[in-house]
Amino acid sequence: MTKNPKEEKTLVLIKPDGIQRALAGEILSRFERVGLKLVALKFLLPTPDQAYRHYVKNEAEIEALGFRSIEGKKKSGIEVTEEPKLLGKKIIDRLVTFLSAGPVIAMVLEGNHAVAITRKLVGSTEPLQSDVGTIRGDYTIDSYSLADYGDAGRAVRNLIHASANIEEADYEIKVWFEPKEIVNYKNSFDAILYDVNLDGILE
Ligand code: GDP
């Protein structure tokens, strides 16, 4: 039998800037109130190796990240001359430094179209471009031009990571959680969101 769509899962990280700014509760409540179910959660200090494995599931991902960055910068009117693979490498180095610089919260969210719904709530990568109403648009103000300003540069601080697609979610969940740490349970939303017979609504 194919997987029940209501069991789709995604991986979310509240990055060190989200923890430092005490936004964990606010961020978590956005996912709870839309109807996504929390099925795993931990607070931890990632190692650089774990951060690297999270961002680089294979070599092609490095170049793909460079391409995404170039596209994002174009939308903000920034001209990029760097080759995508080199740019991707540079961004990965910065991301590994950032993600392992302080504690993060890792969580798994479950629900119908969990991956797409979560990405919609999170907003686009650069907070300058993220829509109002999204987590990145509502709670922070970073931009590519500021993050890349000067010689050193740093990762764009955008509070949160969310898996981009189902395949990425399957991979990333394994980077942060053992299968036994993901809890299968019913909550009071299940009936009204999903049950054909609305079981449990009336006594
Ligand atoms: P996401 O899925 O929206 O997080 O975006 P990506 O997977 O494309 O990028 C991963 C992370 O790298 C982003 O969340 C940013 O923190 C950072 N990042 C991406 N592109 C750039 C860039 O061009 N410059 C800098 N400084 N950071 C970037």
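Two strands count as paired when DSSP finds at least two bridges between them, and that idea is worth holding on to while you walk through this structure, which is a predicted model.

**Stop 1: the sheet**

Begin by selecting the strands, where you will find four of them forming an open sheet in the order S2-S3-S1-S4, with antiparallel pairing. Strand S2, residues 37–44, and S4 stand at the edges with a single partner strand each, so one side of each is left without a neighbour in the sheet. If you turn the view, you can follow a twist that averages 15° from one strand to the next.

**Stop 2: from S2 to S3**

Now select S2 together with strand S3, residues 104–110; the two run antiparallel and are joined by seven bridges. To see one place where residues face each other across this pair, show Leu-41, which stands opposite Met-107 in S3.

**Stop 3: strand S1 and its two partners**

Next, select S1, residues 9–14. Is this strand enclosed by the rest of the structure or left open? Five of the six residues of S1 are buried, so the strand is largely enclosed by the rest of the structure; for a residue to be called buried, its relative accessible area must be under 20%. On the side of S3, six bridges join the two antiparallel strands, and Ile-14 can be shown opposite Ile-105 in S3. On the side of S4, which also runs antiparallel to S1, there are three bridges, and here Val-12 stands opposite Ala-162 in S4.

**Stop 4: a helix on the sheet**

Keep the sheet visible and add helix H6, residues 114–122, which packs on the sheet and touches S1, S3 and S4. The direction of H6 makes about 30° with that of S1.

**Stop 5: two residues in loops**

Select His-113, in the loop between S3 and H6. His-113 has a positive phi of about 55° although it is not a glycine, and with a relative accessible area of 47% this residue is partly exposed. Then move to Ala-22, which lies in the loop between helix H1, residues 16–20, and helix H2, residues 24–34. Ala-22 also has a positive phi of about 55° without being a glycine, but Ala-22 is exposed, with a relative accessible area of 65%.

**Stop 6: the largest pocket**

Rolling a probe the size of a water molecule over the atoms shows where empty space is left. In this model, the largest pocket holds about 840 Å³ of space. To find the pocket, select Leu-65, Arg-68, Arg-119, Thr-125 and Tyr-144, which lie nearest its centre among the 37 residues of the lining. Which helix gives the most to this lining? It is H4, with eight residues; H4 spans residues 60–75, and at least two residues each also come from elements including helix H5 (84–99) and strand S4 (160–162). Colouring the lining of the largest pocket by class will show eleven nonpolar, ten polar and 16 charged residues.

**Stop 7: the second largest pocket**

Finish at the second largest pocket, with a volume of about 330 Å³. Its lining has 13 residues, and those to select are Lys-3, Glu-7, Lys-9, Asp-170 and Ile-173, which lie nearest the centre. The largest share of this lining, four residues, comes from H9, and by class the lining of the second largest pocket has six nonpolar, one polar and six charged residues.

Note on methods
Residues numbered from 1 in each chain as written. Predicted model: local features only at pLDDT ≥ 70, side-chain atom pairs only at ≥ 80, totals over all residues. Heavy atoms only, no water. 1 Å grid on protein atoms, 1.4 Å probe; cavity = no way out; pocket = protein on both sides within 12 Å on 5 of 7 lines; lining within 4 Å. Points joined across faces, edges and corners; volume = space filled by probe spheres on them. Nonpolar A, V, L, I, M, F, W, Y, C, P; charged D, E, K, R; others polar. Axes fitted to C-alpha atoms, helices over the stretch in contact; angles between N-to-C directions. Contact = heavy atoms within 4.5 Å. Buried < 20%, exposed > 50% of the residue type's maximum accessible area, 1.4 Å probe, protein only.
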